[in-house]
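Please provide an explanation of this protein structure for someone meeting it for the first time. The account should proceed from place to place along the chain.

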Amino acid sequence: MPENSFDMSGKTAIIIGATQGMGAQIAEDIAASGGQAIITSRSQSASDAKAEELNAKYAKDKSIAVGKAGDLSIKSDLQAIVDTAISEFGQITTLVISPTIRPFFGPSIETTDEEIDEQFLYIFKSRFWISAMCIPHMQKAGGGSVVYIGSGSAFESTTERSVYSCARAAEVQMMKNFAAEFGRDNIRFNIISPALIKSSGAEALFKDPAVLERFESRLPMKRHGLVAEISQSAMFLASDLSSFTTGCVVPVDGGRNLHCSSNDLTSSFTPDKDNRHRNPAEAKA
């Protein structure tokens with residue numbers, strides 16, 4: 001990301017899942033752009049280490065990053081993260097939620113109640129919880145921005161991860177409802193919809209070149225994305241550059257959500273094989 005592209009001065013962000021992958025890059029860019037950050041993960045040592053790294057690089061006369069461990073699925077942990085932001089920095093203006101859970105792969109009729117509950121807990125309920133916790137503080141601050149790192153699965157019919165795509169679709173509707181309800185308070189809600197990103201959550205796909213090529217070939221841009229490309233969009237949505245943008249799904253996906261098909265029909269409908277739409281006189285010749 002070009003230096004100083006975004007100004008986060010005077011803003012305080014909670015980044016859920018900030019020690020690796022997309023969340024770590026977003027935390028880095030927020031700190032580099034003048035913002036304050038609560039760095040969260042399930043590990044206190046990892047959260048502290050990332051916060052110390054950011055302070056060493058970007059802090060001047062006082063700390064700009066604080067680590068706080070918490071589990072996305074535990075409501076009291078999320079409340080403790082919010083309380084830490086207020087006690088350390090006195091405000092919350094920005095919330096970025098990056099982590100998710102591995103989808104359940106398999107037939108819908110084999111999906112257990114435990115899987116259904118877990119998918120909706122991590123993808124939907126946890127986001128609802130912490131968003132609701134942050135909204136009153138954003139109202140006090142005069143506005144704010146909430147950014148969910150979502151999934152293109154919300155817009156696809158699938159034969160192998162049904163409950164996951166349902167939870168992702170619910171996340172999109174939640175975002176839109178929040179945007180409608182709290183727009184009057186200058187609080188914006190948006191989702192980034194990625195495709196295949198070279199990040200910690202997709203390591204398995206990058207271990208097999210054949211699998212990677214198959215996934216990349218489905219995208220119009222014929223390549224995978226980078227965490228920096230996700231972070232650039234997150235920074236736009238978190239900053240005042242997007243001050244009139246809310247309720248949006250922002251695809252950073254190389255064209256995944258286009259659902260484009262290949263040109264397999266071209267060779268089957270050449271004029272010598274099918275002349276139904278040609279000049280009638282020519283068709284008789």
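The paragraphs below treat a pocket, several individual residues and one helix in turn.

The structure is a predicted model. A suitable place to begin is the second largest pocket, which holds about 210 Å³ of space. Its lining is made up of Ala31, Ala32, Gly34, Gly35, Gln36, Tyr58, Ala59, Lys60, Asp61, Lys62 and Ile64. By character, these lining residues divide into 5 nonpolar, 3 polar and 3 charged.

Further along the chain comes Thr84, a residue of helix 3, which spans residues 75–89. Thr84 is buried, because its relative accessible area is 12%, and the limit for burial is under 20%. Apart from residues up to four places away in sequence, Thr84 touches Ile38, Val66 and Lys68.

Ser98 belongs to a loop, the one that runs between strand 4 (94–97) and helix 4 (113–141). With a relative accessibility of 12%, Ser98 also counts as buried. Once its neighbours within four places in sequence are set aside, the contacts of Ser98 are Ile16, Gly17, Met22, Gly23, Arg127 and Ile149.

Two residues may be considered together for their backbone geometry. Most residues other than glycine have a negative phi. Asn186, however, has a positive phi near 65 degrees, although it is a residue other than glycine. Asn186 is placed in the loop between helix 5 (162–182) and strand 6 (187–194), and it is partly exposed, with a relative accessible area of 43%. Lys222, likewise not a glycine, has a positive phi of about 55 degrees. The loop that holds Lys222 runs between helix 7 and strand 8 (225–226). Lys222 is exposed, because its relative accessible area of 52% lies over the 50% limit.

Strand 6 contains Arg188. Is this residue buried or exposed? At 7% relative accessibility, Arg188 counts as buried, because the limit is under 20%. Beyond its neighbours within four places in sequence, Arg188 is in contact with Gly144, Ser145, Val146, Leu237, Ala238, Ser239, Ser242, Ser243, Phe244, Thr245 and Thr246. With one of these, Leu237, there is a polar contact: the side chain of Arg188 reaches the backbone oxygen of Leu237 at 3.1 Å. Glu118 is 70 residues from Arg188 along the chain, and the C-alpha atoms of the two are separated by 27 Å.

Ala202 lies in the loop that joins strand 7 (197–198) to helix 6 (203–206). This residue is buried, with a relative accessible area of 13%. Leu196 and Ile197 are in contact with Ala202 when neighbours within four places in sequence are left aside. Ala202 and Gly21 are 181 residues apart along the chain, while their C-alpha atoms are separated by 9.5 Å.

The account ends with helix 7, which covers residues 209–217 and in which Val211, Leu212 and Glu216 are buried. Seen down the helix axis, these buried residues fall within an arc of 130 degrees, so they line one face of helix 7. Helix 6 is among the elements that cover them. At the N-terminal end, helix 7 is capped by Asp208, a side-chain oxygen of which lies 2.9 Å from the backbone nitrogen of Ala210.

Methods: Residues are numbered from 1 along each chain as its sequence is written. This is a predicted model: local features need pLDDT of at least 70, side-chain atom pairs count only at pLDDT 80 or more; totals for chains, interfaces and linings use all residues. Side-chain values use heavy atoms; hydrogens and water are left out. Helices (H or I, at least four residues) and strands (E, at least two) are DSSP runs, numbered from the N terminus. Buried means under 20% relative accessible area, exposed over 50%, partly exposed in between (1.4 Å probe, protein chains only). Contact means heavy atoms within 4.5 Å. The arc is that of the directions from the helix axis to the C-beta atoms. A polar contact is a pair of N or O atoms within 3.5 Å; within protein, one must be able to donate a hydrogen and the other to accept it, and residues adjacent in sequence count only if both atoms are side-chain atoms. On a 1 Å grid over the protein atoms alone, a cavity is a set of points where a 1.4 Å probe fits but cannot get out, and a pocket is an open set with protein on both sides within 12 Å along at least five of seven lines; lining residues have an atom within 4 Å of a point. Grid points are joined across faces, edges and corners, and a volume is the space filled by probe spheres set on the points. Ala, Val, Leu, Ile, Met, Phe, Trp, Tyr, Cys and Pro count as nonpolar, Asp, Glu, Lys and Arg as charged, and the others, Gly among them, as polar.
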